[in-house]
Amino acid sequence: MELSEYFSQLFSDYTLRTITLGTAILGAICGMLGSFAVLRKQSLLGDAISHAALPGIAIAFLITGTKDTNILLLGALVSGLIGTFWIRGMVTKTHLKSDTALGLVLSLFFGFGMLLLTFIQKQPNANQAGLDKYLFGQAATLVEKDVTLMAVVTGICLVIMLLFWKEFKILLFDADYTKTLGFNTRFIDILITFFIVLAIVLGLQTVGVVLMSAMLLAPAAAARQWTNKLSVMIVLAAIFGAFSGVFGTAISASQNNLSTGPVIVLVASVFVLFSFIFSPGRGILFKQLRKYQNRRDLELQKTLQFMFDIAKTHEDISHPHAILILNNFQGYAKSTLKELEEKEWVKVKGQNWSLTSKGYDAAANLYNNN
Amino acid sequence: MDAQIEIQLIAAVVAIACAIPGVFLVLRKMALISDAISHSILPGIVIGFFITEDLNSPLLILLAAVTGVITVMMVESIQKTGLVKEDTAIGLVFPALFSIGVILIAKNANDVHLDVDAVLLGELAFAPFDRLIIAGTDVGPKSLWVMGAILSITVGMLFAFFKELKVSTFDAGLSAALGFSPVVLHYGLMTISSVTVVGAFEAVGAVLVVALMIAPAATAYLLTSDLKKMLVLSVIFGVFSAIGGYWMAHFLDASIAGSMTTVLGLVFLTVYLFAPSKGLIAVMYRQRQQRTEVSLLTFLLHLNNHEEESERHVQHLNEHINWQKVRSETVLELAEKNNLIKISSDIVALTPKGKEFTDLALEYIITNKDEHIEHMKDDFFLFRG
């Protein structure tokens, strides 16, 4: 299927529509909540939690014996939350650092989950097939019910986020101050963490355990480059996330043997790369350009200063001097001279230059004004 | 050799080979780098596999190790731009590389016998079937030789550069001043870690390599602060979990790698709860005791400050010092037991010993010598009845 074909079928084909809508909503909610994770320096929490959710899925299946998505996701939510609070407990109660705590929960929970999964597979009666889709995710298994669930959760998150907007914002940037203001930081903190875990659990079915962390991080990291305002960042992250979902689904649908999760992650990574390079405020490209511009400005000023030092010893400030003497001066370059001429600060005649009165004034005030 | 023994031997060797670099990763706060490497070597392995068609080929290990080091370099260069924080940089790099690996496998799934499950989860039970045959003689399972070689290199490097590693881990600045380049040691450690991850991933899978690297080191770290002891302990925990995990898998008929991790988890949980000075229970007990000590001090100072009887009435202590009932009773009891106060008709008064104690405490607090208050606990036989 060609890409154009995909977009033309998008509105008529039920499956395509469901999957696209699902990945778009997932991308949006991940972008939204991921912004909090990134700003709170909890970027890798997503990685740990998505792995920690696995035993929850397995245990939920062992207890209920059903493959109902909602019940399995509930199990994932519970074990994800246990993992999160254990990480927190380790960091506050022992001298283990957060990276060790994250890595421990990630690998130990996941290993335990694998043990349970292989144990389930050996059970004779269980209809266990399909549980392992949570490892890598299968967007193709999304049905309307799942998409509705995602939409409802996204809606609830949005409403709560708007209700607690002020608290979220202040906690994000100054936790101590929030506490002194009398806010219940613990409650807000748990609320944010709960939402992050919720977003991760929702994504498990679509992109899977392994790639979930990228869904959470990439849109937010991209959005961060374009703005310094939290509200704008969250909206941008949601948009980037949604687009990653849609484009990823489109690309993977247009070719054979291309799993959706990894493609979505790669599309999101492209957004990040683009933002890193081209964002006007922080991007590498413009930063480099600004650096270059500053260096040129400095050269120009140094040359002008040098000229001024020569010119002020003469009675006539516009007395011509040979260009050659500028060669001793490192800041001098042909382009610098041209620029000075364009600003009408110097006049160049043949092999000589002379300072104009405008240039003289500019040079005299060089270190007063800026 | 019996297949059972071979599997346990491989598991133990993998565990030791992972535990040693793991100690340094945990101490250098780079535990998650092992997670990143274990995922991002996937494209290296896949490309190597396309070229050699052999999962045990040295070229494959080399390519994967190079990918691991490239991952570290990418993470560091993203960090250096200052656009995102360190952990975000890790979180951006490895899923992207992993995705490339997954896509490469999926696109060529028909031609190669390499599936993502095997890479992620490994299958130790099959390791004995892949034998190394030299000149017609069977010398044992291939992976045992591969991991054995990696382990001996790791141990060799550990002995050769122990001092340098130690200094650069705890004080990078000092190490640079002494003339050992922290950069060289850093990349050396990263290379060793990458090679180990690559060698181990086939046996235990990408995620469980992380468990084998971090969990024994973290467990040992809760028990000791001595680097040498920590290394020895993590090796012991690793080997114990490897062999225990094998038998658990044997009885449950489940994944060996999963069981090994579960045993690692149980060992860690036990130590986390019961470690003598750094375990959760010890820490909670100590915190409780400290809280009582601080309360006692506050209480005595309050008594010292107030002559009027209304302030010193037992019934009013709760509201005056803002304590819950339980805690005020504990503190009252403790103070009385230590002869610091005496209670006559519900009015609390300081004894001479209590007065002396409070005066000393006040003096230390005023002169800002808070550390002396610790000694006072011993001088006045507090908490000893």
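In what follows, Lys and Arg count as positive and Asp and Glu as negative, while His and the chain ends are not counted; the place of a charge is NZ of Lys, CZ of Arg, CG of Asp or CD of Glu. By this reckoning, chain B carries 25 positive and 37 negative charges, whose mean positions lie 6 Å apart. This is a predicted model, in which local features need pLDDT of at least 70 and side-chain atom pairs count only at pLDDT 80 or more, whereas totals for chains, interfaces and linings use all residues. Residues are numbered from 1 along each chain as its sequence is written, chains are lettered from A and ligands numbered from 1 in the order in which they are written, and side-chain values use heavy atoms, with hydrogens and water left out.

**Chain B**
- Chain B contains 18 helices and four strands, these being DSSP runs numbered from the N terminus (helices H or I, at least four residues; strands E, at least two).
- The radius of gyration of chain B is 29 Å, against near 21 Å for a compact globule of 385 residues; the radius is taken over C-alpha atoms, and the globule rule is 2.2 Å times the number of residues to the power 0.38.
- Along the principal axes, the C-alpha atoms of chain B fill a box of roughly 95 × 50 × 40 Å.
- Of the 385 residues in chain B, 53% are buried, meaning under 20% relative accessible area (exposed is over 50%, partly exposed in between; 1.4 Å probe, protein chains only).

**Chain A**
- Chain A has 16 helices and three strands.
- For chain A the radius of gyration is 30 Å, whereas a compact globule of 370 residues would have one near 21 Å.
- The C-alpha trace of chain A spans about 105 × 55 × 35 Å along its principal axes.
- Buried residues form 53% of the 370 residues in chain A.
- The 30 positive and 23 negative charges of chain A have mean positions 6 Å apart.

**The interface**
- Contact joins 61 residues of chain B with 57 residues of chain A, where contact means heavy atoms within 4.5 Å.
- About 4,900 Å² is buried between chain B and chain A, and carbon and sulfur atoms give 74% of this area; buried area is the accessible area (1.4 Å probe) that two parts lose on being put together, summed over both.
- On the chain B side, Leu32(B), Leu83(B) and Tyr272(B) lose the most area to chain A, together 13% of what that side buries.
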